[in-house]
Amino acid sequence: MLTKSILEDLGTKLITGDVEVIDLSGRLGPETPILQLPPDFAKNTPKVEIHKISEYDEDGPFFAWNWMKLGEHSGTHFDAPHHWITGKDYADGYTDTISPQNFVAPVNVIDCSAETAANPDFLLTADRVKEWEAEHGSINAGEWVVMRSDWYHRNTDEAKFLNVDENGPHSPGPTVDCIEYILSKGILGWGNECIGTDAGCAGGMEPPYPAHNLLHAANRYGLASLANLDKLPPKGAILIAAPLKIADGTGSPIRALALVSAS
C-alpha cells in the first residue's frame, strides 16, 4: 500500500506540475555533432540522415513518416558495457539485456561549469568529488553521477562541440581516480555533456579513456552529450535514461529525462 501511495502521489504531482520533467537531450538530426576519430585508427559513425517516406502524398495519402540512418552512439546516448572491450563478456551488457531497473535512479550533479569556462581541458578529480560530497552529501550505491560543464551550449556547432586543434580535442571530463572513486561508491553510471563520457585528452591517460575502460569493466553505464544539467539540483532529481531495445546493442540514442521538484 505504501508503494501505491508513493506512485499515486508522484502521478498527482506530475499532473499539477509540482514535479517537473526536464529534458536532458540534444536535438537529433543531420546537424548533430558526431565523434570524429583519426581515419588511420578506426571507422567513424556516419552523420545522422532522415529520409521522408511519405507526407500526405502519393506515397502515403493519410500519413507522414520517415526512415533514418544513424549510429548507436549518435547525439545524447547511452553506452552499454559491450561498447568497450573491457565489458565485452557481460551477458547483460547489451541494450536489450540490461535490466530496465537500471535505467531510472537518483542523480548526483557535480557542477564544474565555472572551471570549464576557464579551462576547456578541466578534469574532475576524486578529491573534487569528495569536496562536493562534503557540501551536498554522499554519493550512494545505485545512483547516477553526472558532470555539469554547460558544454551542451555548444551542441549546435560541431566544431565548437568537438573543439579540436592541432593538439587534439579539448573538452572536460573525469580523471582515472575520479572514475575509480565513484565506482568504489557503487554507482549505476556516469554522464558527461561532451561528445563522449571521457575528456578530450583521455587517450593519454593510464588506462586510456578511463570512463569507458573502467565503467564498462565494472558492468556500469555511460551517458554522453547530455544537456540542461544546469536545470537540475545537486541532489534530489531522478534521472531516466532508457536506451532502445536494440538486438545486441552496444548503445543507443536516448531521450534522457529528469524528474525535479518544482518547489
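The crossing of helices α5 and α6 is right-handed, that is, the near helix is turned clockwise from the far one, whereas an anticlockwise turn by less than a right angle would be left-handed. The model is predicted: local features need pLDDT of at least 70 and side-chain atom pairs pLDDT 80 or more, while totals for chains, interfaces and linings use all residues. Residues are numbered from 1 along each chain as its sequence is written, and side-chain values use heavy atoms, with hydrogens and water left out.

**Exercise 1.** Describe how α5 and α6 pack, and state which residues meet.

*Solution.*
Step 1. Two packed helices are described by the angle between their axes and the distance between the axes. Helices are DSSP runs of H or I with at least four residues, strands are runs of E with at least two, and both are numbered from the N terminus. Axes are lines fitted to C-alpha atoms, for helices over the stretch in contact, and angles run from 0 to 180 degrees between N-to-C directions.
Step 2. The axes of α5 and α6 come within 9 Å and cross at roughly 25 degrees. The two helices are therefore roughly parallel; angles under 35 degrees count as roughly parallel, over 145 as roughly antiparallel, 65 to 115 as roughly perpendicular, and the rest as oblique.
Step 3. Val176, Ile179, Glu180 and Leu183 of α5 meet Pro210, Ala211, Leu214 and Leu215 of α6, where contact means heavy atoms within 4.5 Å.

**Exercise 2.** Apply the same procedure to α3 and α5.

*Solution.*
Step 1. Their axes come within 7 Å and cross at roughly 45 degrees.
Step 2. The pair α3 and α5 is therefore oblique.
Step 3. From α3, Ala126, Val129, Lys130 and Glu133 meet Asp177, Cys178, Tyr181 and Ile182 of α5.

**Exercise 3.** Identify the buried and the exposed residues of α3.

*Solution.*
Step 1. In α3 (residues 126–136), the buried residues are Ala126, Arg128, Val129, Trp132 and Glu133; buried means under 20% relative accessible area, exposed over 50%, and partly exposed in between, with a 1.4 Å probe and protein chains only.
Step 2. These residues lie on the same side of α3, because they cover an arc of only 160 degrees around the axis, taken from the directions from the helix axis to the C-beta atoms.
Step 3. Glu131, Ala134 and Glu135 are exposed on the other side of α3.
Step 4. The cover over the buried residues includes β5 (104–111), α2 (113–118), β6 (123–124) and α5 (176–184).
Step 5. Gly137, just after α3, has a positive phi of about 115 degrees.

**Exercise 4.** State the strand order of the sheet, then examine β12.

*Solution.*
Step 1. Nine strands form an open sheet with mixed pairing, in the order β1-β15-β13-β5-β7-β11-β12-β4-β14; strands pair if DSSP finds at least two bridges between them.
Step 2. The edge strands, each pairing on one side only, are β1 (19–23) and β14 (251–253).
Step 3. β11 (residues 189–191) runs parallel to β12 (residues 221–224), and three bridges join them. Trp190 has Gly222 as its bridge partner in β12, and Gly191 stands opposite Leu223.
Step 4. β4 pairs with β12 in the antiparallel sense over three bridges, and the bridge partner of His77 is Ala224.
Step 5. Both faces of β12 are covered, with Tyr221 and Leu223 buried on one side and Gly222 and Ala224 buried on the other.
Step 6. Helix α6 (residues 210–217) lies across β4 (77–79), β11 and β12, running at about 145 degrees to β12.
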